[in-house]
Amino acid sequence: MHMSLLRRTLGAGVLSATLLAPSLAVAQSAILEGERFHPEVGTQGMVATSHFLASQVAHDVLADGGNAVDAAVTAGFALAVTQPRSGNIGGGGFMLISDEDSGEVVAIDYRETAPAAATETMFQDEDGNAVAEWSRFTHRAAGVPGTVAGLSLALEKYGTLSLAEALAPAIRLAEDGFVVPQRFVDGVAEAGERLTKWDATKSMFYKEDGSPYAVGETFRQPDLAATLKRIAEQGAREFYEGETAELIAAEMERHDGLITREDLAGYQPVIREPSHGTYRGYDVYAMSPPSSGGAHIVQILNILEAYDIGEMGFGAADTMHLMAEAMKRAYADRAEYLGDTDFVDVPLDGITSKAYADELRSQIAIDRATPSDEISAGDPTPYESNETTHFSIADGDGLAVSNTYTINFSYGSGIAVEGAGFLLNNEMDDFSAKPGVPNAYGLIGGEANKIEPGKRMLSSMTPTIVKRDGENFLITGSPGGSRIITTTLQVLMNVIDHGMNIQSAVSAPRLHHQWLPDELRVEAGFSPDTLSLLEARGHTISQQSAMGAAQSIVIEDGQFYGGADPRRSTSSAMGL
Ligand code: DON
């Protein structure tokens, strides 16, 4: 149904609805007084990451005259040390870089790839049933990691530091250790079963006597320090062709994994053009395939642009209803069309066109939720922890970086590479193990996202940069699996439609609908009366724990405003 709709729309060239005049966001500086939430303010630049130690080292890079890319790469490696459950060198991600001077916005795709020996049905048993355990918690769950290659490419092309300089703070943090905060202790306790299953993982996260670290104790990672040092000394290719590659391949051989030396040697990050759209006069750039994020954030914004969301108000039943209806339609398309564009054709121009949005909008009734009953999706089990990592960085010279990277779950597959000190991702679960069978986030995929050797699995990660009149304005993104797209969307709408300062925009309660399951997920903080009104329109409300962690920045009138997401207790924005 969706395929034909899209074709018809494209063919018919439906006229755009008359859009409302762009509503200007309230100036960030004008609303600080009397607000409940206050952004961090800077005049020369800003970093916002999910760990204060990473924010600190990135801040120091900017203070020493480094640019935003230098700071981003330094933060990226530091997070791999201070937040080993999600910051990563055993995973992959996406980085958007906007250079105001050249007007260029580029996307660095360092998403993991399927190993050469991967097959379409590798996660199905002999009866053709998808086996979640295989795609999530075995060595076969790992895609070929892209982070080291991606961060080093960013640095080479757009930074000023050497790789060794960018790695130095991470090496120091791994070698000397850092004092563990409560969040670290809680994470290890929650994932205890997975972290004690493999010896290499256990020796990484527990003390020599096998007991866990307590708050205030110092956590050191000597194997990781040695790996990072090898990379610093020999360059990024060391990870792919040197001793680290050998350690990864040996780990795979011992445990029936698929990644070989050849897979590692063949890994290449790709520079791509980001998805682009406009919303009320702003230019929105976000990650293109193999992420679905950019296409669908643009699609949802296109649908919502014709409504006066600002007038309806934040958290109003009308606003929430229309957002949910737009989200549903975007996620239905995601399931059908999205995949790695190096392998499949994705009708991106159609999905992101205003005309197609007009067609989709015309199906939305203001007083009634459209049921999502086209496909029976089984019983998805959304993975609720938020363990991808997003950070945003801007310098005083017009360079802005929006980066999201991940090893997928908290602690990825739970499997550390013996002797190398880092966790392997379980990103292969982001492929569709079988058409129609949901992944860990309840996302359905089909042909477009089937497993193929060398292919990148579909992602939802949505690093985003919004420009106004050619200037960097909002830098945002988030973890949260399937909720990444909608979380990022809401930060953007909170600033543009609701005139919130960036800290309020990041802190405000969030909602999420992903078509299947047919439920409107809400965080705590929306009025019960509003939720009743939504139920009366046919929405099934599902109260959920926190969604996302959207470390964000707004730049306005030469000032930098940082919003650290309170959903992650270690989040930190630092201005300079
Ligand atoms: O690429 C993706 O879309 C997922 N692997 C992201 C995973 C994530 O955000 C984990 N947090 N819930």
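Trainee: What makes the side chains of Arg521 and Glu519 a salt bridge?

Mentor: The term needs a side-chain nitrogen of Lys or Arg within 4 Å of a carboxyl oxygen of Asp or Glu. Arg521 and Glu519 meet at 3.3 Å, N to O, so the pair qualifies under that rule. Before we go on, this is a predicted model, where local features need pLDDT of at least 70, side-chain atom pairs count only at pLDDT 80 or more, and totals for chains, interfaces and linings use all residues. Side-chain values use heavy atoms, with hydrogens and water left out, and residues are numbered from 1 along each chain as its sequence is written.

Trainee: Are those two residues buried or exposed?

Mentor: Buried means under 20% relative accessible area, exposed means over 50%, and partly exposed lies in between, with a 1.4 Å probe and protein chains only. Arg521 has 1% relative accessibility, so Arg521 counts as buried. Glu519 has 19%, so Glu519 counts as buried too.

Trainee: Which residues are joined into one network by salt bridges that share partners?

Mentor: Those are Asp109, Arg272, Asp342 and Arg456. By this rule, the count comes to 29 salt bridges.

Trainee: How do you know that Arg510 and Asp565 form a salt bridge, and where do they sit?

Mentor: Their side chains meet at 2.9 Å, N to O. The pair links distant parts of the chain, 55 residues apart. Arg510 is in the loop between helix H20 (502-507) and strand E14 (511-512), while Asp565 is in the loop between strand E18 (559-563) and strand E19 (572-575). Helices (H or I, at least four residues) and strands (E, at least two) are DSSP runs, numbered from the N terminus. Arg510, at 1% relative accessible area, is buried, and Asp565, at 0%, counts as buried.

Trainee: Why is helix H19 called largely enclosed?

Mentor: Because 13 of its 13 residues are buried, H19 is largely enclosed by the rest of the structure. This helix covers residues 484-496 and reaches 18 Å from its first C-alpha to its last. The expected span is 1.5 Å times one less than the number of residues, and H19 comes close to the 18 Å expected.

Trainee: What is unusual to look for in Tyr411 and Asp469, and where do they lie?

Mentor: Look at phi. Tyr411 has a phi near 65°, a positive value in a residue other than glycine, and lies in the loop between strand E11 (399-406) and strand E12 (464-468). Asp469 has a positive phi of about 50° although it is not a glycine, and is found in the loop between E12 and E13.

Trainee: Why is Tyr411 called buried, and why is Asp469 called exposed?

Mentor: Tyr411 has a relative accessible area of 2%, so it is buried. Asp469 has 71%, so it is exposed.

Trainee: Which peptide bond to Pro517 is cis?

Mentor: The bond from Leu516 to Pro517 is cis, with omega near 0°. Pro517 is in the loop between E14 and strand E15 (520-522). The bond from Pro289 to Pro290 is cis as well, with omega near 20°, and Pro290 is placed in the loop between strand E9 (282-286) and helix H14 (293-304).
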